Amino acid sequence: MSMTPTPPTDQAVDLPTDLEPTASLAEEAGVGAGSAAQKAYRPVSRGRLVWRRLRRKPNFWIGAVILALIILFALFGDLLNIYELGEQDPYSFNAKPSGQHFFGTDAIGVDLYASMTEALRKSLLIGFLAAPLATVLAAFIGSLAGYLGGFVETATNWVINLLLVLPVFYVLMIISPLLSSMSWVILVVAIGLFGWMIMAQIVKNQTKSLKEREYVKAARYMGVGTLTILRRHIIPNVASLLIIDATLGVASAILAETSLSYFGLGIQAPDVSLGTLLQDGTSAAVSRPWLFLIPAGFLVTLLTAVALIGDGLRDAIDPTSEVNRA
Amino acid sequence: MTSYILRRFVNYAILTALATVFVYIAASTFFYPRRRYLGRNPPIPEDSIDSILTGYGINDKDPVLLRTWWWIERIVTNPLPDKLGHDLGNNAVIAEIFSRAGVSLRLLLVGAIIAAFLGVFFGVWGAVRQYKASDQIVSYTSFILISTPTFVGGVILQILATNFNNATGHQLIRFTGAYTPGITGFWPQLMDKGVHLLLPTIALALFGAAGYSRYQRAVMLDVLGSDFIRTARAKGATRTHALVKHGVRVALIPMSTYFAYNFGTLVSGSAFLEIIFSWAGMGQYGIMAVQQSDVNALAGTVCFTAILLLISSTLSEVLYAALDPRVRV
C-alpha cells in the first residue's frame, strides 16, 4: 500500500495529503490490506488512529528526535564532563569552547557545559510540570463552567477576562517577589496558575455544545453525577485539544520561566536555568559570544522541537485542522 | 453597530479598571519597599522611613486595602500631574509616563504594524503555495522565529550589528538607547532615531510576524476550500483576483481578533527589547519598578499597558465590524 502522499497540486490545496490515497483511508478505517479477512471490521481505537497519522508527519519526527536528544543530553550529558556544576577552573578564564571545556568558561572560569546540563534539566522540569498543571486546570474549570452554565459560567468568564487584560508576563512579574523568596516549585505553580485561561475558554465552548448531545443528556437523566459526566463523557471528547495544549504549553512555560529568570525575577542563584545562563551571557554577548549563543541555541532548538511536535499532533488528532482550523 | 462597540468598550473598561486595582493590591502585598531604606549605614531612623513611605502612600504598616483606597482616591480627586503618585525616585509617575510613552509607542506601533503586514503576507503566501518548497521554508522559519524570545533575538541582532560595524569600520548601526544625545536639526535627529529603531523593530516585527503567519496560513487554508472562491473562479475572476478580493478579505476577519489578543505578547516583547537596547520606555520602567519594589511606578506602568490593551481590543472590534458585514447591523 502506498504511503507516499500524492504530489501537491493546486487541486489538493484544500485536502490534507495524508487523506489523499484511498488506500490510506481504508487503512485508517481498520481494513488492513494484509489480513483483511480477520481484521476486516475490527474497530480501530482512536489512539491507534492518531498514531498512524502522527507517524507520517515529518514535523513530528523532527521535533521528537530533537527533543529526545536534548532530554538525553540534559540527563546524561555531564557524564562526559570532568567538571562539576559551578566548579571553577583557575587556569582558564573566558576560555573558548575546546576539548577541555566543551562550551567554554566564563569570566571566573566556571564550566559552561556543566551549567548547561543542569540548566536544561531545570527548564525542562519546569516546562513538563507547569504545562500539564495548566492543562488540568483548563480542563476542569472550562468543562465545569460550560456544563453548569448560569452563574458559574458568568463568574468564570469574568475571571478569565480579568486575567487576560494584562500580558501574563506582567502578572508573573508582579508576583515575582513572592516567587523569588521561595523555591522554584512555586514558580512552576505560578506559571501553571496563569496559563490556563485561553484553553479553558475553548473547552468551555466545546462543553456547551457537547452537553446537548443525547448520551450526555441520557446520563444526566439517569442521575449520573456532574463530575462523573465530566470525567466520562466531556473530558474524553476534548482530550485531543488538551493534549495539544499540554504540548504547546511546555514551550510557553519554558519561555515564561526563561523570560522571568532573564530579568532576575525567576530562578535565583545558586540555581541555574536557561534564563539565568542567558542573563549571565548577555553582557558578554559581543566579546565572548559562546556564553550567550550556546544557551540561546539550546533554548531556541528546544522550543522549536516542542512547537513541531505540537503541530504534528494537531494535524494527526484533527485531520481537518489543516483546512478548517480557525 | 455603534452601540455594540460601545457596549464592548464599557465592558473592557470595567475589566481594565478592576485588573489595575487587583494589580495594585497584589503589588502592595508582595512588594517590600521598606527594604530599600533598611540596612543603610548610618541607619535611617524608623520614624523617617515611615514618614517617607507614608508620603509615597506605600507604608507597609497601613493595611493594604486602605492603601489601595487612598490610591484610588488620589486618581479620582488629584489634579492630573499627581494622579498616580510619585515613584521611589520622587518623580511624578504621570510625568514619567508622558516622557517615556513616546519611546515605547514608537517601537511598539511600528513593530506591530510591520509584523501584521508581514504575517498576513507570508501566511497567505504559504497557504496558497501549501506544501511547496516556499511554504515549507516559510513554515520552518516561522517555527524557529516563534521559538526565539525577543530578548534572545535582540541580543543576536546586536552581535550581528557589532560585527557589521567592525567589518565596515564605521558605526553605521547604532543601537544603544533610543537616540544619540547631542544631535541637532530635524532631519539628522529623525535619521538618528530611525537608525536606533532599526534593530529592536526588526526583532519585534519578526517575532510577531512569525506567530501571525502561522495563524493566517491556517485561516487562509480554510477560506481556500470554501465554495465562494470556486464560484468567483467559475464566474471568470482571475486566480489572483479571487484570492485577494474574495479570499484574503474573508481570511482577515478572524485575524482582527487575533491581532488584539496577541498585542499583549508584543507589549511584553517590546518591554524586553527596551531593556536590551537600553531605551527609557515604559517597559523598562515597569521591570525596574519590580526590581526596586516600586509600587506606584508599577501601578502606573500597568495602568498605561491596560489602557493600551483596552484601545487595541476596541480597535479590533471596530476592525471586525468593518470587515464582517454580519456584525454591522
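Within chain B, 23 residues of domain 1 are in contact with 20 residues of domain 2; two residues count as in contact if their C-beta atoms, placed from the backbone, lie within 7 Å. Before going further, please keep in mind that this is a predicted model, in which local features need pLDDT of at least 70, side-chain atom pairs count only at pLDDT 80 or more, and totals for chains, interfaces and linings use all residues. Residues are numbered from 1 along each chain as its sequence is written, while chains are lettered from A and ligands numbered from 1 in the order in which they are written.

**The two domains of chain B**

Domain 1 of chain B covers 2-82 and domain 2 covers 94-327, with bounds that come from an automatic or database domain assignment. Their C-alpha centres lie 32 Å apart. On the side of domain 1 that touches domain 2, helix α1 (residues 2-30) of chain B provides the largest share, 13 residues. Helices here are DSSP runs (H or I, at least four residues), as are strands (E, at least two), numbered from the N terminus. By class, that side of domain 1 has 17 nonpolar, three polar and three charged residues. For these classes, Ala, Val, Leu, Ile, Met, Phe, Trp, Tyr, Cys and Pro count as nonpolar, Asp, Glu, Lys and Arg as charged, and the others, Gly among them, as polar.

**Chain B as a whole**

Chain B has eleven helices and zero strands. Its C-alpha atoms fill a box of roughly 85 × 60 × 35 Å along the principal axes. Of the 329 residues in chain B, 43% are buried; a residue is buried if 20 or more other C-beta atoms lie within 10 Å of its own, exposed if 12 or fewer, and partly exposed in between, with C-beta atoms placed from the backbone. Among contacts in chain B between residues at least 6 apart in sequence, 73% join residues at least 24 apart.

As for confidence, the mean pLDDT of chain B is 87, and 99% of its residues reach 70 or more; pLDDT is the predictor's confidence in each residue, from 0 to 100. Among the elements of chain B, helix α2 (residues 46-56) has the lowest mean pLDDT (85) and helix α4 (residues 93-128) the highest (92). The model scores ipTM 0.86 and pTM 0.84.

**Backbone details in chain B**

A cis peptide bond joins Asn41(B) and Pro42(B), with omega about 0°. Pro42(B) is found in the loop between α1 and α2 of chain B. Two residues with a positive phi, neither of them a glycine, are set out here.

| Residue | Phi | Loop in chain B | C-beta neighbours inside 10 Å |
|---|---|---|---|
| Asn90(B) | about 65° | between α3 (64-77) and α4 | 9, exposed |
| Ser293(B) | about 55° | between α10 (282-291) and α11 (295-323) | 19, partly exposed |

**Chain A and its contact with chain B**

Turning to the partner chain, 43 residues of chain A are in contact with 48 residues of chain B. Among the elements that give two or more residues to the chain A side are α6 (150-165), α12 (226-262) and α14 (290-317) of chain A. With eight residues, α14(A) gives the most. By class, this side has 31 nonpolar, nine polar and three charged residues.

Helix α5 (residues 112-148) of chain A has 37 residues and should span 54 Å at 1.5 Å a residue; its end C-alpha atoms are 53 Å apart, which agrees. The expected span is 1.5 Å times one less than the number of residues in the helix. Since 27 of the 37 residues of α5(A) are buried, this helix is largely enclosed by the rest of the structure. Gly149(A) follows α5(A) and has a positive phi, near 65°.
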